[in-house]
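Open the structure in your viewer and keep the selection panel at hand. Each stop below gives something to select, then says what is there.

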Amino acid sequence: MGSLERRLDKLQQKSGYQRTTLVCPECGGEFTAYGDVALEYIVHEYSRVSQSSAESYRETPEDIRRLFDHEHDPGAFVEKSSGLPFLSKAVSGFNIGTAPERSEDGT
Ligand SMILES: [Zn+2]
């Protein structure tokens, strides 16, 4: 028993397509997003702020767009299972002490 679950786990890890449940600390609303949420968030935020060609770089998944549509700051969302901010290094694997800068020569 549980072997199917474990196989699904493995499958999801392999494809990198994991499910993340985010909780809004303001109102307790829950959001389910798939994939690398922190990365998607950063990319979307970057394209919003820079208004550069990053927008056309790739389409933001609907899961992520929903986070931004929320009335509260999605950057403060907490990853449900760990209770940590999803943008924290422990959760995302990114060190986001500083916002992504336009250091690339993309424009
Ligand atoms: Zn909220």
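## The whole chain

Colour by secondary structure and read along the sequence: the pattern is α-β-β-α-α-α-β-β-α. That comes to five helices and four strands. Keep in mind that this is a predicted model. Of the 107 residues in the protein, 16% are buried. Take the contacts between residues at least 6 apart in sequence: 54% of these join residues at least 24 apart.

## The sheet

Now show the strands alone. In what order do the four strands lie in the sheet? The order is β2-β1-β3-β4, in an open sheet with antiparallel pairing. Select β2 (30–34) and β4 (84–85) next. Both stand at the edges with a single partner strand each, so one side of each has no neighbour in the sheet. Strands of a sheet pair through backbone hydrogen bonds, so turn on the backbone atoms for the next stops.

## The hairpin

Select β1 and β2 together. They run antiparallel and are joined by five bridges. For one facing pair, pick Thr-20, which stands opposite Ala-33 in β2. Then move to the turn. Six residues lie between the two strands of this hairpin. Click Gly-28 in the turn: its phi is positive, at about 80°.

## The other side of β1

Keep β1 (residues 19–23) and add β3 (residues 78–79). This pair is also antiparallel, with two bridges. Here Val-23 stands opposite Val-78 in β3.

Next, add helix α4 (residues 62–69). This helix packs on the sheet and touches β1 and β2. The direction of α4 makes about 150° with that of β2.

Show the side chains of β1. In a regular strand, side chains alternate between the two faces of the sheet. Which residues of β1 are on its covered face, and which on its uncovered one? Thr-20 and Leu-22 make up the covered face. Arg-19, Thr-21 and Val-23 make up the uncovered face.

## The core

Last stop: select Leu-22, Ala-33, Val-37, Ala-38, Tyr-41, Ile-64, Leu-67, Phe-77, Phe-86 and Leu-87. These ten residues form the largest nonpolar core. Which elements give two or more residues to this core? They are α2 (37–50) and α4. The largest share, three residues, comes from α2. Two residues from earlier stops are here again: Leu-22 belongs to this core and lies on the covered face of β1, while Ala-33 also belongs to the core and stands opposite Thr-20.

How values were computed
Residues are numbered from 1 along each chain as its sequence is written. This is a predicted model: local features need pLDDT of at least 70, side-chain atom pairs count only at pLDDT 80 or more; totals for chains, interfaces and linings use all residues. Two strands pair if DSSP finds at least two bridges between them. Two residues are in contact if their C-beta atoms, placed from the backbone, lie within 7 Å. Axes are lines fitted to C-alpha atoms, for helices over the stretch in contact, and angles run from 0 to 180 degrees between N-to-C directions. A residue is buried if 20 or more other C-beta atoms lie within 10 Å of its own, exposed if 12 or fewer, and partly exposed in between; C-beta atoms are placed from the backbone. A nonpolar core is a set of buried Ala, Val, Leu, Ile, Met, Phe, Trp, Tyr and Cys residues joined through C-beta atoms within 7 Å.
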